[in-house]
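Me: I've got a model open and want to check the labels people put on it. Can you walk me through the reasoning behind a few of them?
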Amino acid sequence: MIMAPPASSSDAGPPKARLLCLNDADLPDASCRIIPIAGDGLTIGRDEANTFSLLAHGVSRRHAKIFSGGDMWGIKDVGSTNGVIVNGTRITETWLRHGDTVEIGNIRYKYLDEGKEMPEPKVAADEGPESEKTMVMPSAAAPVSPGAVTQEMAQPAAERKNAPPPRSTRPRAAEDSGSNVFLWILGGLALILLVAAASFFL
């Protein structure tokens, strides 16, 4: 007896799907690594009359049938000796869901619904080798805002090497104040000498 299609079935028909072998080393024929599922379904077994002839250990002449139902695919055992195992459980027939594991003999397949497979993430192309990338760092002596470039950093290395030493950054007011004090001291000494000379001659 065939199960009734699930309640969510639609007129769109079953999805594009496939069985993907998980143990390639046990396959006698590489052409059975991927089994596309389309049309009205397919049959699997050792007999050449099947849609896919699978000459692997534990596979019967007529082993399994994949059939459509609404918007899903189902699988049933058609009288095999070792049975059909879905997700570790031997079944008579069941609906397949994306990611289910299906064992036919000693061959393990994964059922893949192409509409539910995630696309491969795109990797952005590198702008160039790592050695060609330059990072501009601000001067430790004079912090600058992010993204700014100081005049010294922008100047070529050859020009910085031949440039004159920077001028003193001492404020001009400090220099003028020192000069005035020196003049006051000289004036005081001159006054003292003048008074001493006048006292001597009086």
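Reply: Sure. Keep in mind that this is a predicted model. A handy place to begin is isoleucine 66, which stands opposite isoleucine 75 in β6.

Me: What makes β5 and β6 a pair?
Reply: Six bridges join β5 (residues 64–69) to β6 (residues 72–77), and the two run antiparallel. Pairing takes at least two bridges, so six bridges qualify these strands as a pair.

Me: Which sheet do they sit in, and in what order do its strands come?
Reply: An open one of five strands, β4-β3-β5-β6-β9, with mixed pairing.

Me: Why are β4 and β9 said to stand at the edges?
Reply: β4 (52–53) and β9 (93–95) each have a single partner strand, so one side of each is left without a neighbour in the sheet.

Me: How do you know whether valine 181 is buried, exposed or partly exposed?
Reply: Its relative accessible area is 46%. Buried means under 20% and exposed means over 50%, so at 46% valine 181 counts as partly exposed. Valine 181 lies in helix α3 (residues 172–201).

Me: What makes Val181 eligible for the nonpolar surface patch?
Reply: Patch residues need over 30% relative accessible area, and valine 181 has 46%. The patch covers about 700 Å², and its members include Val181, Phe182, Leu183 and Ile185.

Me: And what share of the protein chain is called buried?
Reply: 24% of the 202 residues. Buried means under 20% relative accessible area, so that 24% is the share of residues falling under the cut-off.

Conventions
Residues numbered from 1 in each chain as written. Predicted model: local features only at pLDDT ≥ 70, side-chain atom pairs only at ≥ 80, totals over all residues. Heavy atoms only, no water. Helix = DSSP H or I, 4+ residues; strand = E, 2+ residues; numbered from the N terminus. Patch = residues over 30% accessible without salt bridge, like charges linked within 9 Å, V, L, I, M, F, W, Y side chains within 5 Å. Areas by Shrake-Rupley, 256 points an atom, 1.4 Å probe, with all protein chains shown as cover. Salt bridge = Lys/Arg side-chain N within 4 Å of Asp/Glu carboxyl O. Buried < 20%, exposed > 50% of the residue type's maximum accessible area, 1.4 Å probe, protein only.
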